[in-house]
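Me: Could you take a close look at one serine for me and tell me how its surroundings fit into the whole protein? I'm new to this, so please keep it relaxed.

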Amino acid sequence: RNVEGQLGDGTTTQRTVPTAVDVSAIPVPTASPTATATASPTATATASPTATASPTATATASPTPVSPATVPPFTSLVAGSQHTCGLVSGGTAYCWGYNGNGQLGDGTNGTDRTAPVAVSGGLSFTALVAGGSHTCGLVSGGTAYCWGWNGYGQLGDGTGGINSANRTAPVAVGGGRTFMALVAGGYHTCGLVSGGTAYCWGSNEKGQVGDGTSGSPSQYWSADRTSPVAVTGGRAYTALVAGGTHTCGLATSGTAYCWGYNSNGQLGDGTSGSTSNPSSADRSAPVAVSGGLTYVGLVAGGSYTCGLVSGGTAYCWGDNGAGQLGDGSATDRTAPVPAPVAVSGGRNFTALAAGGQHTCGLVSGGTAYCWGGNSEGQLGDGSQTDRTAPVAVSRRV
């Protein structure tokens, strides 16, 4: 999908195979810094990204656009619901796509961008995350900044609930904490601090903030948090992931815990909501994913979750209506075992990424495979046909 320009190629034309981002307007930095931003959170065998030393050289504006051949390369990318952001060497952040709530961070609201624009404020970021309609980043030292829609307090600056709380440029997350990593869900955000304590803020209707509370049916916003609160349980996590309305964490033992909305079994504890009451199995505090598997990485999609185990086998659970679990079926799964929900094909993945209803993975050598919903060509195989098992992403020559 590219109606809002989220592919960044300078057009609003939908693409079913990869198209290059138009970087012609990105200025060349005056100095080439050696430090780079860490990768955006993916399911890998290493810990989630942390804020590393910020480079001393910063990107300064060039008086005229430059040739794409000389533009500094992107060091990481993140994708929200309808927008995309990336870091270049030096830590400058660029965003493109839908900007109805200021999520591009360029100081405007309502002006979509079909090519990258710089996030205002002159901050040098070490990592970015993108949620439904908001974006957050870490700077050197661990201070977190967010911008975009703030209707549920997902920016964490102590405000929320009204459109005037939206931010078109970065604002600091309240509480003065030093974060090692951030994740962004549909309308909530979470972060890890040194020692592994998890904090979350924003929408908490389904308990996705994890502090033991959730909104009431008549006042779904009653438990929203506009500043960070600690996730209950006292566990130390090495990584967090956030889906549409659920959150999961990887404990130091490799056990996966999840909390929040559980309509389709996306929490993986063997339960799911009923047709008449989809929230009947919601959890406002972490529950262990069943099956006894030891994970090295997790990713969360709209209403499903996937994880990698040592060796690279991928498992998924939750909503499978478009085949996003990759097990060759379109049947929801409420736990990774004993149901046969290993991703089919027998491949060993090095990283995973999850969208609303589609999933992608990398194998050794860099070949990308995707599966799930494909109505907009999001699987990149040149078609618009849903896939219940992995298909290779087309490569341009």
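Reply: Let's begin with how the chain folds back on itself: among contacts between residues at least 6 apart in sequence, 49% join residues at least 24 apart. Keep in mind that this is a predicted model. The protein has 23 strands and zero helices. Of its 397 residues, 52% count as buried, and about 15100 Å² is exposed, with carbon and sulfur atoms supplying 51% of that.

Now for your serine. Ser-263 sits in the loop that runs between strand E15 (256-260) and strand E16 (283-288). Is Ser-263 buried or exposed? Its relative accessible area is 13%, and the cut-off for buried is under 20%, so Ser-263 counts as buried. Who keeps it company? Its side chain makes a polar contact of 2.8 Å with the side chain of Asn-264. Skipping the neighbours within four places in sequence, Ser-263 also touches Ser-272, Gly-273, Pro-278 and Asp-282.

Strand E15 leads us on to the largest nonpolar core, which has 14 residues; Val-289, Tyr-295, Leu-298 and Trp-317 have the most contacts inside it. E15 is one of the elements that give two or more residues to this core, along with strands E13 (237-242), E14 (246-251), E17 (295-300) and E19 (314-318). E17 gives the most, with three residues. Take Val-289: beyond its neighbours within four places in sequence, its contacts include Ala-256, Tyr-257 and Cys-258, as well as Tyr-295 and Trp-317. As a general picture, nonpolar side chains tend to be buried together in soluble globular proteins.

Key:
Residues are numbered from 1 along each chain as its sequence is written. This is a predicted model: local features need pLDDT of at least 70, side-chain atom pairs count only at pLDDT 80 or more; totals for chains, interfaces and linings use all residues. Side-chain values use heavy atoms; hydrogens and water are left out. Helices (H or I, at least four residues) and strands (E, at least two) are DSSP runs, numbered from the N terminus. Buried means under 20% relative accessible area, exposed over 50%, partly exposed in between (1.4 Å probe, protein chains only). A polar contact is a pair of N or O atoms within 3.5 Å; within protein, one must be able to donate a hydrogen and the other to accept it, and residues adjacent in sequence count only if both atoms are side-chain atoms. Contact means heavy atoms within 4.5 Å. Accessible areas come from the Shrake-Rupley method with a 1.4 Å probe; for residues, only the protein chains shown count as cover. A nonpolar core is a set of buried Ala, Val, Leu, Ile, Met, Phe, Trp, Tyr and Cys residues joined through side-chain atoms within 4.5 Å.
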